[in-house]
Amino acid sequence: MDLASFKQDYGYVVLVGTGSILLNAYFAYKVVRARRQFGVKAPEMYSDTQPAFNCIQRVHQNTLEMSPHFLTTLFVGGIMHPRLCSAGGAIYLVGRMAYSYGYTSGDPSQRRFGEIGSVGFLIMMGCTAAFAYQLLTR
């Protein structure tokens with residue numbers, strides 16, 4: 001592979017993508033730990049009697065649901081704007097952590113603090129749209 005075809009700053013994009021994998025692994029670990037703590041056996045996704053478990057599981061599930069969108073916009077938008085897109089990705093990941101902290105705090109409405117992640121996602125969407133525009137108009 002010819003690395004010269006990538007901007008050197010694309011390494012930041014790869015690091016943020018790797019960070020998302022680590023964050024997802026941490027959320028998965030929290031679900032495994034919560035299954036033991038609350039006695040929720042696999043393959044049950046949610047519990048009828050343990051709402052605290054459901055909050056932990058929901059953080060992980062929602063993160064998985066958003067992963068394809070996150071990774072696509074990060075890696076595609078980062079081709080043209082690696083630093084800006086990486087910054088957006090980092091903001092998104094911080095938002096995911098705030099979402100997790102709030103959702104599992106005992107008051108699920110506190111997950112709203114994770115909304116800062118939407119700002120990061122919009123930045124990545126903008127980078128992706130700008131890249132698409134450049135491809136279509138060159």
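Hi everyone, this is a short walk through one protein chain, from its overall layout to its cores and two buried polar residues.

A word on the model before we start. It is a predicted one, where local features need pLDDT of at least 70 and side-chain atom pairs count only at pLDDT 80 or more, while totals for chains, interfaces and linings use all residues. Residues are numbered from 1 along each chain as its sequence is written, and side-chain values use heavy atoms, with hydrogens and water left out.

Let's begin with the layout. The chain has four helices and zero strands, where helices are DSSP runs of H or I with at least four residues and strands are E runs of at least two, numbered from the N terminus. The C-alpha atoms fill a box of roughly 60 × 30 × 20 Å along the principal axes. Of the 138 residues, 36% are buried, meaning under 20% relative accessible area with a 1.4 Å probe, protein chains only.

Now to the inside. In soluble globular proteins, nonpolar side chains tend to be buried together. A nonpolar core here is a set of buried Ala, Val, Leu, Ile, Met, Phe, Trp, Tyr and Cys residues joined through side-chain atoms within 4.5 Å. The largest one has 17 residues, and F70, L74, Y92, L93 and M124 touch the most other members. Helices α1 (10–38), α2 (51–80), α3 and α4 (116–137) each give two or more residues to this core. There is also a second, separate core of five residues, including V31 and F53. Back to M124: setting aside neighbours within four places in sequence, its contacts (heavy atoms within 4.5 Å) include F70, L74, C85 and Y92.

Which helix holds S86? S86 sits in α3, and it is buried, at 6% relative accessible area. Its side chain reaches the backbone oxygen of P82 at 2.6 Å, and a polar atom of that side chain lies 3.0 Å from the backbone nitrogen of V13.

My last stop is R96, also placed in helix α3, residues 82–103. R96 is buried yet has no salt bridge, that is, no side-chain nitrogen of Lys or Arg within 4 Å of a carboxyl oxygen of Asp or Glu. How far away is the nearest side chain of opposite charge? That is E65, at 7.5 Å, counting Lys and Arg as positive, Asp and Glu as negative, and leaving out His and the chain ends. What R96 does have is a 3.0 Å side-chain polar contact with T63, the term covering N or O pairs within 3.5 Å; within protein, one atom must be able to donate a hydrogen and the other to accept it, and residues adjacent in sequence count only if both atoms are side-chain atoms.

Thanks for listening!

Key: Buried means under 20% relative accessible area, exposed over 50%, partly exposed in between (1.4 Å probe, protein chains only).
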